[in-house]
Amino acid sequence: METPANDNTTPAQRALDALAENTEDTSALTTLASSDVLIPVPDDASDEDATDPAAVALPVLEQPGGDTVVPVFTSELEMAGLLPFISRYRVVPLGALAAQWPADDLSLSIDGSSAHRLTLTSEGVRTLLARPQG
């Protein structure tokens, strides 16, 4: 398969496309886990909280039915498609985020409004995407 010269997709987006076709594609999971994602910073967060390198506040959205999900994005364009009002974000390695993922029932949604979106349960995040830090 050839990639067009004007293809602006990121490696993470191509990995999501591959996972949409084959959920067990270990190469795509590795690519995704090694990619950076954008985590929206709420406008009411202080500048200190928004830039603290030791902590990342996870934005939590409640879905119909009461399930909670943390939205992350592979690009500014993807983020604007779902959350156009967000003006600040943090860039975080997805594997490092997954390695510290909370144990409760908190799902992760990657590019939630796109055709290649992926939502993982808390266990799925830790099992499939967590990578050793170092």
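Q: What share of the area exposed by the chain do carbon and sulfur atoms supply?
A: In this predicted model, the chain exposes about 8000 Å². Counting the part of that area that comes from carbon and sulfur atoms gives a share of 51%.

Q: How many helices and how many strands are there in the chain?
A: Read along the sequence, the chain follows the pattern α-α-β-α-β-β-α-β-α-β-β-α, in which α stands for a helix and β for a strand. Counting each kind of element in the chain gives 6 helices and 6 strands.

Q: What percentage of the residues of the chain count as buried?
A: A residue is called buried when its relative accessible area is under 20%. The chain has 134 residues, and the part of them that count as buried is 36%.

Q: Is Gln13 buried or exposed?
A: Gln13 lies in helix H1, which covers residues 11-21. Its relative accessible area is 5%, and the cut-off for a buried residue is under 20%. Because 5% falls under that cut-off, Gln13 is buried.

Q: Which residue is joined to Gln13 by a side-chain polar contact of 2.9 Å?
A: Leaving aside neighbours within four places in sequence, Gln13 is in contact with Asn8, Thr74, Ser75, Glu78, Asp111 and His116. A polar contact of 3.5 Å joins the side chains of Gln13 and Ser75. The polar contact of 2.9 Å joins the side chain of Gln13 to that of Thr74.

Definitions and conventions. Residues numbered from 1 in each chain as written. Predicted model: local features only at pLDDT ≥ 70, side-chain atom pairs only at ≥ 80, totals over all residues. Heavy atoms only, no water. Helix = DSSP H or I, 4+ residues; strand = E, 2+ residues; numbered from the N terminus. Buried < 20%, exposed > 50% of the residue type's maximum accessible area, 1.4 Å probe, protein only. Areas by Shrake-Rupley, 256 points an atom, 1.4 Å probe, with all protein chains shown as cover. Polar contact = N/O pair within 3.5 Å; in protein donor to acceptor, adjacent residues only side chain to side chain. Contact = heavy atoms within 4.5 Å.
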